[in-house]
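These are my notebook entries on a structure that is new to me. I wrote them while looking up one feature after another.

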Amino acid sequence: MSLKQVDNKRSFNGEQRKYTHYSNVLQSEMTFSIYLPSNKENKEIPLVWWLSGLTCTDDNFSEKSGFQGWADKYQVAVVIPDTSPRGEDVANDEAYDLGQGAGFFLNATQEPWAKNYQMYSYITEELAEIASTLVPNFSGKESIMGHSMGGHGALVIGMKNASRFKAISAFAPITNPVQVPWGVKAFTNYLGEDKATWTEWDASELIKEVNAPPILITQGTADTFYPEQLEETTFLKNAHENNQEVNYNKVEGYDHSYFFIATFLEDHFAFHMKHLK
């Protein structure tokens, strides 16, 4: 394995690390970050996944949210993948919402995307194996959260692996991508014109079919992408009709930024710890 540590910063008594490696799944060089808490008592440590939104890298969450304070308080490791494969030989698009920085956490089936855009398999298999080796005293318990496109990813990955992830949370997630512009554009390109293949990657459809882990969602009312891209009605309706545990909180005056995320991040960490213990 070509795993290489390229950065390590002390933060809230723990370590904020950055790694690069060659991904066999994505056929490209990849970067990810991981926070390891202090673990002074040498206890078993659970792992929380964070998936970021459109245009983001692994740096956005690690540098803007201040999550490290909560991660060390609750003694959890946090892994932050990039949002897509990258590189000169990786397919891309001029728009911000397709291609590099916009992998949508699925497995693409259409060219030119299929060769590299296998983010679902990368996260659930390849990176999962790497991350588990980096967490000292890993408890084997995991949960997942994300923002915007990453919120979509957290919901889909969490529900498609419901026996693995103990809880799911999301900030301003795309809950019904088959019905909104971001999702329609991405799915048409990555998955093709047959919309029957899209439902596998839509949280509003998955929640009708699986026994989902507990879900927490926070959405700001001043979000410029709400409700056009982030409309929640179908998701909540399907969750209610199928007796799924979803706590959806709409908060007045908050936008789509990391100011919003930082404000409510403690609530999300507390939620995850309730189910990771």
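Before I place anything in a loop, I note that the helices and strands I name are DSSP runs, numbered from the N terminus, with at least four residues for a helix and at least two for a strand. I also keep in mind that this is a predicted model.

**Entry 1: the loop after the first strand**

I began with Phe-12, which sits in the loop between strand S1 (4-11) and S2. I found that its phi is positive, about 50°, although Phe-12 is not a glycine. I then looked up its accessibility, and Phe-12 is exposed because its relative accessible area of 51% is over the 50% that the term requires.

**Entry 2: two further positive phi values**

Thr-55 was next on my list, and I located it in the loop between S4 and helix H1 (59-64). Its phi is near 75°, again a positive value in a residue other than glycine. Its relative accessibility is 49%, so I record Thr-55 as partly exposed. I also noted Gln-75, which follows H2 and has a positive phi near 55°.

**Entry 3: helix H2**

From there I turned to H2 itself, where I list Phe-67, Gln-68, Gly-69, Ala-71 and Asp-72 as buried. When I asked what these buried residues pack against, I found S1, S2, S3, H1, S5 and H8.

**Entry 4: helix H3**

Where is the kink in helix H3 centred? I found it centred on Ala-128, with an angle of about 45°, in a helix that covers residues 119-134. I then checked burial, and 12 of the 16 residues of H3 are buried, so this helix is largely enclosed by the rest of the structure. Among the buried residues I noted Met-119, Tyr-120, Glu-126 and Leu-134, and Ala-128 is also one of them. What covers the buried residues of H3 includes strand S2 (14-23), strand S3 (28-36), strand S4 (45-51), strand S5 (77-81) and helix H4 (149-160).

**Entry 5: the nonpolar core**

I next looked up the largest nonpolar core, which has 85 residues, and those with the most contacts inside it are Phe-61, Val-78, Phe-104, Met-159 and Tyr-190. The largest share of this core, 9 residues, comes from H3. I followed Phe-61 outward and, leaving aside residues up to four places away in sequence, I found that it touches Trp-50, Ser-52, Gly-66, Phe-67, Val-78, Ile-80, Met-145, Tyr-258, Ile-261 and Leu-265. Two names from earlier entries recur in that list, since Phe-67 is buried in H2 and Val-78 belongs to the group with the most contacts inside the core.

**Entry 6: the largest pocket**

How much space lies in the largest pocket? I recorded about 290 Å³. The lining has 16 residues, and the closest to the centre of the pocket are Lys-43, Glu-44, Pro-46, Tyr-74 and Gln-75. The elements that give two or more residues to this lining are helix H2 (67-74), strand S6 (138-147) and helix H8 (258-276). Sorting the lining by residue type, I wrote down 4 nonpolar, 5 polar and 7 charged.

**Entry 7: cis peptide bonds**

I looked up the peptide bond from Glu-111 to Pro-112 and found it cis, with omega near 5°. Glu-111 lies in the loop between S5 and H3, and Pro-112 is placed in the loop between S5 and H3 as well. Glu-111 is exposed, with a relative accessible area of 60%. I also traced Glu-111 to Gly-192, which is 81 residues away in sequence, while their C-alpha atoms are 9.3 Å apart in space. A cis peptide bond also joins Tyr-226 and Pro-227, with omega about 5°, and I placed Pro-227 in the loop between strand S8 (215-220) and helix H7 (233-241).

**Entry 8: two loop residues**

Glu-231 lies in the loop between S8 and H7, and it is partly exposed at 28% relative accessible area. Not counting residues up to four places away in sequence, Glu-231 touches Thr-175 and Asn-176. Asn-176 is 55 residues from Glu-231 in sequence, and the two are 7.2 Å apart from C-alpha to C-alpha.

I closed with Asn-92, in the loop between S5 and H3, which counts as partly exposed at 46% relative accessibility. With the same sequence neighbours left out, Asn-92 touches Leu-98, Gly-99, Gln-100 and Trp-113.

Definitions and conventions: Residues numbered from 1 in each chain as written. Predicted model: local features only at pLDDT ≥ 70, side-chain atom pairs only at ≥ 80, totals over all residues. Heavy atoms only, no water. Bend = angle between axes of the 7 residues up to and from the residue. Buried < 20%, exposed > 50% of the residue type's maximum accessible area, 1.4 Å probe, protein only. Contact = heavy atoms within 4.5 Å. Core = buried A, V, L, I, M, F, W, Y, C linked by side-chain atoms within 4.5 Å. 1 Å grid on protein atoms, 1.4 Å probe; cavity = no way out; pocket = protein on both sides within 12 Å on 5 of 7 lines; lining within 4 Å. Points joined across faces, edges and corners; volume = space filled by probe spheres on them. Nonpolar A, V, L, I, M, F, W, Y, C, P; charged D, E, K, R; others polar.
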